[in-house]
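Welcome! Below are a few exercises with worked solutions, to be done with the sequence and the model side by side.

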Amino acid sequence: MDKVLFSPVCVGYNAEKIIEECLSLLCLDWTQHVNNKAYKGRWDVLPLRVPRIHTNSHEVLQSFAIENCQDWQNLDCLNRLAATKALLDALCAPIHSVRLMRLHSGSRILPHRDNGLSLEHGYARLHLPIIFSSDVTFQVANYRVPMELGQLWYIDASELHEVFNDGTDERINLVIDCEATEELTKMIFR
């Protein structure tokens, strides 16, 4: 398998409807990212799919569970998002974590690696921008990922990556962690 740092994912989905669904969740309670050494400014998360053992736990455990888990469950808010669930089904891969991640204006996610989150390790991290502007820079291994609003992207999260929000608006991405099945890998390499 060739090494790919990032790539659009060629799968059918209704981007406009997913964006509309996700924006309907802005009124819910979001949780500040717990690793405050990993960013400057404000970065928060809204969990949508969590380890089953944390379905009724505090939001911090739902958002940042540290145990290795193979049993995941949708939260009620995800079960109401038909277009988003249709995208998850279209990926043809076991879905682990699903969450919305918001990086506020003027904030930065510092360079870091998420070990084991790459095709080479059997996993994929996917990003779909819900609110995005040209003032947001998402870099993997010092290369800018040319994300656009509503486009689904694979990123090799095991490589050094960082995000800058130099705009006046928040940036929100739908973030999906899943297993890298043969079918999903083909969607990434198309």
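Helices (H or I, at least four residues) and strands (E, at least two) are DSSP runs, numbered from the N terminus, and two strands pair if DSSP finds at least two bridges between them. This is a predicted model, in which local features need pLDDT of at least 70 and side-chain atom pairs count only at pLDDT 80 or more, while totals for chains, interfaces and linings use all residues. Residues are numbered from 1 along each chain as its sequence is written, and side-chain values use heavy atoms, leaving out hydrogens and water.

**Exercise 1.** Find the strands that pair with S12, and say which residue in S12 is the bridge partner of arginine 108.

*Solution.*
- Step 1: Begin with strand S7 (residues 108–112), which pairs with S12 in the antiparallel sense over three bridges.
- Step 2: Look across from arginine 108; its bridge partner in S12 is phenylalanine 164.
- Step 3: Turn to strand S9 (residues 136–140), antiparallel to S12 and paired with it over five bridges. Here valine 140 stands opposite histidine 161.

**Exercise 2.** Are the residues of S12 buried or exposed, and which way do they point?

*Solution.*
- Step 1: Set the scale: buried means under 20% relative accessible area, exposed over 50%, and partly exposed in between (1.4 Å probe, protein chains only).
- Step 2: Apply it to S12, where five of five residues are buried.
- Step 3: Sort them by direction: His161, Val163 and Asn165 point one way, Glu162 and Phe164 the other way.

**Exercise 3.** Work out which parts of the chain are tied together by the salt bridge between lysine 3 and aspartate 156.

*Solution.*
- Step 1: Recall the rule: a salt bridge is a side-chain nitrogen of Lys or Arg within 4 Å of a carboxyl oxygen of Asp or Glu. The count by this rule is eleven.
- Step 2: Check the pair; the closest N and O atoms of lysine 3 and aspartate 156 are 2.5 Å apart.
- Step 3: Place both residues. Lysine 3 lies in the segment before strand S1 (6–8) and aspartate 156 in the loop between strand S11 (153–155) and strand S12 (161–165), so the bridge ties together parts 153 residues apart in sequence.
- Step 4: Compare their surroundings: lysine 3 is partly exposed at 46% relative accessible area, whereas aspartate 156 is buried at 0%.
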